[in-house]
Amino acid sequence: MKSVAQLSPASAPPARRRLEWLDFYRGLAVAVMIEAHVTNTFLHAAAWSEPWRLHLNYVNGLVAPSFLFIAGYGHGLGWLRRRDKPAPARSRVARLAGIAALGYAMHFPLGALLGGAWAEAWRLGTQMDVLVCLAFSLMALVVLERLCGRRVNYAVSLGTVAALAAAPLLAGWTAGPAPLVAAVNQTTGSLFPLLPWAAFVFCGFGEGQRSDSWSRALFPVLACGAAVAILGRGNLSNISAAFFFERLAWVLLLLPACAWLSARWSPRLFLFAGQESLTVYLSHLAIIELIAAQIGRNHLGFIATATLYPAVLAASYAVAHGWRRFSVWRGDRARRAAHPPGSSAPAA
């Protein structure tokens, strides 16, 4: 019997094939994400203006759109299974709330709190990073599914347009409470506010419901290219529509590329990183902070930074591997406790 990686697009089971290449895509994004964070944290500041670094920054800038799009894509795949038999939303919202809490905890303003700087702590503590943006964007999809049912795609399309249109209009708005301001723009220091970053999740949701024919990615890519040509590349700030469509075009191009690569060359490390992306994300940030506390920031040369990257990558993978083994052990222990030896198994 052929393995999933050996099956052709026409013969592979759709759910398994698509999830494997999606794990590959996510794992590739994880590897680039760790490189970006290591480079940004440790490479000396003099290299930031060099041409190669500018090109690398552009590639690294595709990581967040890819993560958000992939999350929406997976949610779209799930909607194909849920739309005829809607599942309770409470457990999904609770899980997403937990992910958002983890994102907030990663930049918990302990120092500001201990120093009594309450306003600063409130500002820092409500900033949105990519994990928080992802969680709230998916929550919005869950709500729209419950409210709109089979018309959810119309609502998501309107939400995408609204996010893109509102981003430049609200870029300088500061009149609301800090959590709300942090959710809509970068004035409080949010790296990934919902406007316009949630639009990547919404587009992924729609694309996840499309056919398995990867040639269908051509039209959305051409449409994005046309949008950039019409809007012009004069303003590529991250609140501009041109910025969004240019990066969406690259993300869409990576769909068939990763599907093709995954069917022919699918390293287990990439698949593992894709399957354990949350653990790798959290662990690599903690590892980078521990190293930075010892050696400082932005003063290493290219060779030292390049050497540090695989070390952080390996350490993050080791933590994720240990967590997976612990999760399996805990699950086996819970099953044995529920059904001790000698007890009758529950009826199938």
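This report walks through the predicted model shown above, from its overall build to a few individual residues.

## Overall build

Let's start with the fold as a whole. The protein contains 15 helices and zero strands. Its radius of gyration comes to 21 Å, close to the 20 Å that the globule rule gives for 348 residues, so the protein is as compact as a globular protein of that length. If you picture the C-alpha trace laid out along its principal axes, it spans about 65 × 50 × 40 Å.

Of the 348 residues, 43% are buried. Contacts can also be sorted by how far apart the partners sit along the chain. Among contacts with a separation of 6 or more, 78% are between residues 24 or more positions apart. As for the outside, the protein exposes about 18,200 Å², and carbon and sulfur atoms supply 68% of that area.

## Salt bridges

Side chains of opposite charge can pair when their charged atoms come close. How many salt bridges does the structure hold? There are six, and the table lists three of them, with the distance between the closest N and O atoms.

| Pair | N to O distance |
|---|---|
| R26 and D23 | 2.9 Å |
| E145 and R92 | 3.2 Å |
| E289 and R297 | 2.7 Å |

The pair R26 and D23 belongs to helix α1, which covers residues 14–42. These two residues are three apart in that helix, so about one helical turn separates them. Both R26 and D23 are buried.

The salt bridge between E145 and R92 has its closest N and O atoms 3.2 Å apart. E145 sits in helix α7 (residues 130–148) and R92 in helix α4 (residues 90–105), so this pair ties together parts that are 53 residues apart in sequence. Are these two side chains buried or exposed? E145 has a relative accessibility of 4% and therefore counts as buried. R92, with a relative accessible area of 18%, is buried too, because the cut-off for that label is under 20%.

E289 and R297 meet through their side chains at 2.7 Å, N to O. E289 is partly exposed at 44% relative accessibility, and R297 is partly exposed with a relative accessible area of 44%.

## Cysteines

If you are wondering about disulfides, a search of the whole structure finds zero. C133 is in no disulfide, and the nearest cysteine sulfur to it, that of C203, is 13 Å away. At 0% relative accessibility, C133 counts as buried. C224 is in no disulfide either; here the nearest cysteine sulfur is again that of C203, at 7.3 Å. That distance does not qualify because a disulfide needs the two sulfur atoms within 2.5 Å. C224 counts as buried, at 5% relative accessibility.

## Two buried residues and their neighbors

Now for two residues and what surrounds them. T39 is found in helix α1, the helix that also carries R26 and D23. With a relative accessible area of 8%, T39 is buried. Which residues does T39 touch, not counting those up to four places away in sequence? They are R53, L56 and T305.

A121 is part of helix α6, which runs over residues 118–125. At 5% relative accessibility, A121 counts as buried. Leaving aside residues up to four places away in sequence, A121 touches P109, A112 and L113. A121 and G111 are ten residues apart along the chain, and their C-alpha atoms are separated by 8.2 Å.

## A nonpolar patch on the surface

Finally, a look at the outside. Which residues form a nonpolar patch on the surface? The patch is made of W52, F302 and I303, and together these have about 330 Å² of accessible area. I303 lies in helix α15, which covers residues 302–338. With a relative accessible area of 61%, I303 is exposed, because that label applies over 50%.

Definitions and conventions: Residues numbered from 1 in each chain as written. Predicted model: local features only at pLDDT ≥ 70, side-chain atom pairs only at ≥ 80, totals over all residues. Heavy atoms only, no water. Patch = residues over 30% accessible without salt bridge, like charges linked within 9 Å, V, L, I, M, F, W, Y side chains within 5 Å. Areas by Shrake-Rupley, 256 points an atom, 1.4 Å probe, with all protein chains shown as cover. Salt bridge = Lys/Arg side-chain N within 4 Å of Asp/Glu carboxyl O. Helix = DSSP H or I, 4+ residues; strand = E, 2+ residues; numbered from the N terminus. Buried < 20%, exposed > 50% of the residue type's maximum accessible area, 1.4 Å probe, protein only. Rg over C-alpha atoms; globule rule 2.2 N^0.38 Å. Contact = heavy atoms within 4.5 Å.
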